[in-house]
Amino acid sequence: MATANANTKGARKKEVKKETGLGLTYKKNENFGEWYSEVVVNSEMIEYYDISGCYILRPWTMTIWEVLQTFFDAEIKKMNIKNAYFPLFVTESVLQREKDHIEGFAPEVAWVTKSGQSELEVPIAIRPTSETVMYPYFSKWIRGHRDLPLKLNQWCNVVRWEFSHPTPFIRSREFLWQEGHTAFATQAEADQEVLEILELYRKIYEEFLAIPVVKGRKSELEKFAGGYYTTSVEAFIPNTGRGIQGATSHCLGQNFAKMFQINFENDKGEKAMVWQNSWAYSTRTIGVMVMVHGDDKGLVLPPKVASVQVIVIPVPFKDANTDAIFSACSSTVQALREAGFRAEADLRDNYSPGWKYSHWEMKGVPLRIEIGPKDLANNQVRVVRRDNGAKSDIPMGNLVEKVKEILSSIQECLFNAAKQKRDACIKIVNTWDEFIAALNDKKMILAPWCDEEEVEKDVKARTKGELGAAKSLCTPFDQPRLPEGTLCFASGKPAKKWTYWGRSY
Ligand code: 87F
């Protein structure tokens with residue numbers, strides 16, 4: 001980088017790109033799909049693999065996953081939910097015991113048919129979800145009301161052999177998730193847990209990933225077919241105008257209890273069937289985060305989940321005391337780490353400061369600290385925010401306090417900015433024409449609906465096309481007032497509720 005014309009900012013930028021290929025080829029607003037692929041790879045979150053729909057999750061991804069996991073795992077333990085681990089494989093006969101719901105999903109089930117050169121006597125399925133793996137044992141373990149509730153969770157991978165366009169995190173053939181499976185004596189207990197878990201999912205999105213979500217209930221058409229009712233948190237991607245289901249919490253009712261004979265003797269000595277729930281969030285959460293916050297410089301990480309929250313970069317000039325600058329960087333990192341921050345210094349001597357700035361911006365690190373000769377002389381550091389580029393100088397004496405302040409401000413600003421963008425995409429409509437206009441305008445549509453399955457099927461049919469059909473996203477728990485006499489936007493019948501609609505992932 002020690003070229004003669006590298007002094008001016010513009011020239012230096014050009015130089016960086018030429019020398020290193022850092023920076024993105026695509027812009028978020030111009031080619032969102034290519035932009036997304038480029039961001040997840042260049043930020044070192046993802047490496048593509050030679051099986052379509054399978055991706056390597058690199059450490060930069062896994063630390064985010066672990067932050068979410070640590071939070072959620074501690075919360076469910078407070079609820080007395082226990083972790084377990086069930087096998088990856090399931091026999092065909094057990095998988096088929098649950099015919100109704102498996103029917104639609106069957107094409108996505110992957111099978112093992114061989115060991116070495118010999119065919120297996122019976123093919124074995126790889127779990128796409130674990131109802132059929134677990135529930136035979138729920139049946140065995142639950143005898144009387146004292147065995148209830150039974151509340152299990154497992155952290156694992158699942159395989160769904162999708163055929164539509166695979167996308168890292170968002171739609172992959174293997175992904176990581178937690179799946180919770182619980183059984184209760186009463187519906188009231190099950191109902192309560194559904195909402196408690198949904199609230200944890202809201203926190204994951206809003207408080208960790210800084211992404212606004214809508215809590216609500218799925219329509220009969222969109223709910224988990226094997227269950228009783230489905231609740232979800234729904235996010236929205238403004239650039240594509242698509243809703244995305246963030247996580248689901250189902251009440252299964254007694255459907256699976258019937259199929260798997262999960263019975264118990266209640267406190268009156270009568271035979272009764274359990275009430276069940278299941279719930280999950282997956283590595284999809286991370287994809288939503290990339291899509292919502294990323295920009296033309298790359299990834300933007302909310303401080304609460306960032307693997308590195310603060311990157312410290314030495315800026316030695318030609319004649320400066322390089323050793324002193326490097327050691328100031330190290331002690332800054334040490335002070336931040338002792339205060340509980342995830343901080344690192346980039347002391348590599350084969351990269352220029354400018355290259356390092358671009359590199360860590362690409363990786364989305366929330367805060368950069370630069371230390372040069374002037375900072376050293378003034379006993380201060382320069383800090384630069386990733387979210388808005390704002391620069392400030394902070395005295396060494398206030399380091400920890402100020403960094404804490406700035407990181408929580410970044411967390412808050414990211415959420416507010418995302419919420420503002422999301423809210424600007426919400427369109428309230430009353431008629432079919434308004435609905436179509438809003439759909440073409442990439443909106444998340446809130447419309448009065450008669451809540452009839454046939455009408456939703458009709459909406460899907462009438463909006464079918466290249467971009468995919470519109471469907472209901474959820475009926476928000478938080479319902480605006482529905483004036484007497486309001487009509488359904490699609491059928492003209494009396495409306496029963498406000499429901500969100502849109503194209504979705
Ligand atoms: C794909 C193949 C086979 C989704 C599948 O949401 C079966 C299925 O049952 C399948 N894709 N589902 C629904 C999963 C329902 C439920 N499972 C436990 C959850 C939460 C966690």
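1. A good place to start is the end of helix H7: the helix is followed by Ala210, whose phi is positive, near 60 degrees. (Helices are DSSP runs of H or I with at least four residues, strands are E runs of at least two, and both are numbered from the N terminus.) Please keep in mind that this is a predicted model, in which local features need pLDDT of at least 70, side-chain atom pairs count only at pLDDT 80 or more, and totals for chains, interfaces and linings use all residues. Residues are numbered from 1 along each chain as its sequence is written, and side-chain values use heavy atoms, with hydrogens and water left out.

2. H7 itself covers residues 187-208, and its 22 residues reach 31 Å from first C-alpha to last, close to the 32 Å expected at 1.5 Å a residue. (The expected span is 1.5 Å times one less than the number of residues.) Its buried residues include Ala190, Val194, Ile197, Leu198 and Phe208, and also Glu193, Arg202 and Glu206. (Buried means under 20% relative accessible area, exposed over 50%, and partly exposed in between, with a 1.4 Å probe and protein chains only.)

3. Helix H13 makes a nice companion to H7. Residues 399-425 form H13, and its end C-alpha atoms are 39 Å apart, in agreement with the 39 Å that 27 residues should span at 1.5 Å each. Among the residues buried in H13 are Leu399, Val403, Ile406, Gln411, Arg422 and Cys425.

4. Phe415 is worth a look within H13. With 17% relative accessibility, Phe415 counts as buried. Its C-alpha atom is separated by 9.5 Å from that of Phe208, although the two are 207 residues apart along the chain. Not counting residues up to four places away in sequence, Phe415 touches Glu206, Ala210, Ile211 and Pro212. (Contact means heavy atoms within 4.5 Å.) Ala210 in that list is the residue with positive phi that follows H7.

5. Helix H3 (residues 59-78) can be checked in the same spirit: its 20 residues should span 28 Å at 1.5 Å a residue, and the end C-alpha atoms are 28 Å apart, which agrees. Buried in H3 are, among them, Trp60, Trp65, Phe71 and Phe72, together with Asp73 and Glu75. H3 is followed by Asn80, with a positive phi near 65 degrees.

6. Next, the ligand. It is surrounded by 16 residues, the closest being His101, Phe105, Thr129, Glu131 and His250. (A residue is near a molecule if one of its heavy atoms lies within 4 Å of it.) This shell divides into seven nonpolar, six polar and three charged residues. (Ala, Val, Leu, Ile, Met, Phe, Trp, Tyr, Cys and Pro count as nonpolar, Asp, Glu, Lys and Arg as charged, and the others, Gly among them, as polar.)

7. Which side chains place N or O atoms by the ligand's nitrogen atoms? A side-chain N or O atom of Glu131 is 2.6 Å from a ligand nitrogen, and one of Arg160 is 3.3 Å from a ligand nitrogen. On the oxygen side, a polar side-chain atom of Thr248 lies 3.5 Å from an oxygen atom of the ligand. The protein covers 94% of the 470 Å² of accessible area that the ligand has on its own. (Accessible areas come from the Shrake-Rupley method with a 1.4 Å probe; for residues, only the protein chains shown count as cover.) Helix H5 (99-105) and strands E8 (174-184), E11 (242-253) and E14 (275-282) are the elements that give two or more residues to the shell.

8. The loop between E7 and E8 holds Ile170, and Thr167 is found in the loop between strand E7 (150-159) and E8. Ile170 counts as buried at 5% relative accessibility, and Thr167 is buried with 14%. Leaving aside neighbours within four places in sequence, Ile170 is in contact with Tyr36, Ile244, Arg284, Gly287, Val288, Met291 and Tyr505. The C-alpha atoms of Ile170 and Arg284 are separated by 4.8 Å, with their positions 114 residues apart along the chain. Thr167 touches Tyr36, Tyr55 and Ser172, again not counting residues up to four places away.

9. Finally, some backbone details to inspect. A cis peptide bond joins Leu148 and Pro149, with omega about -5 degrees; Pro149 sits in the loop between helix H6 (131-141) and E7. Glu44, a residue other than glycine, has a positive phi near 70 degrees. Glu44 is in the loop between helix H2 (32-42) and strand E1 (46-48), partly exposed at 28% relative accessible area.

Definitions and conventions. A polar contact is a pair of N or O atoms within 3.5 Å; within protein, one must be able to donate a hydrogen and the other to accept it, and residues adjacent in sequence count only if both atoms are side-chain atoms.
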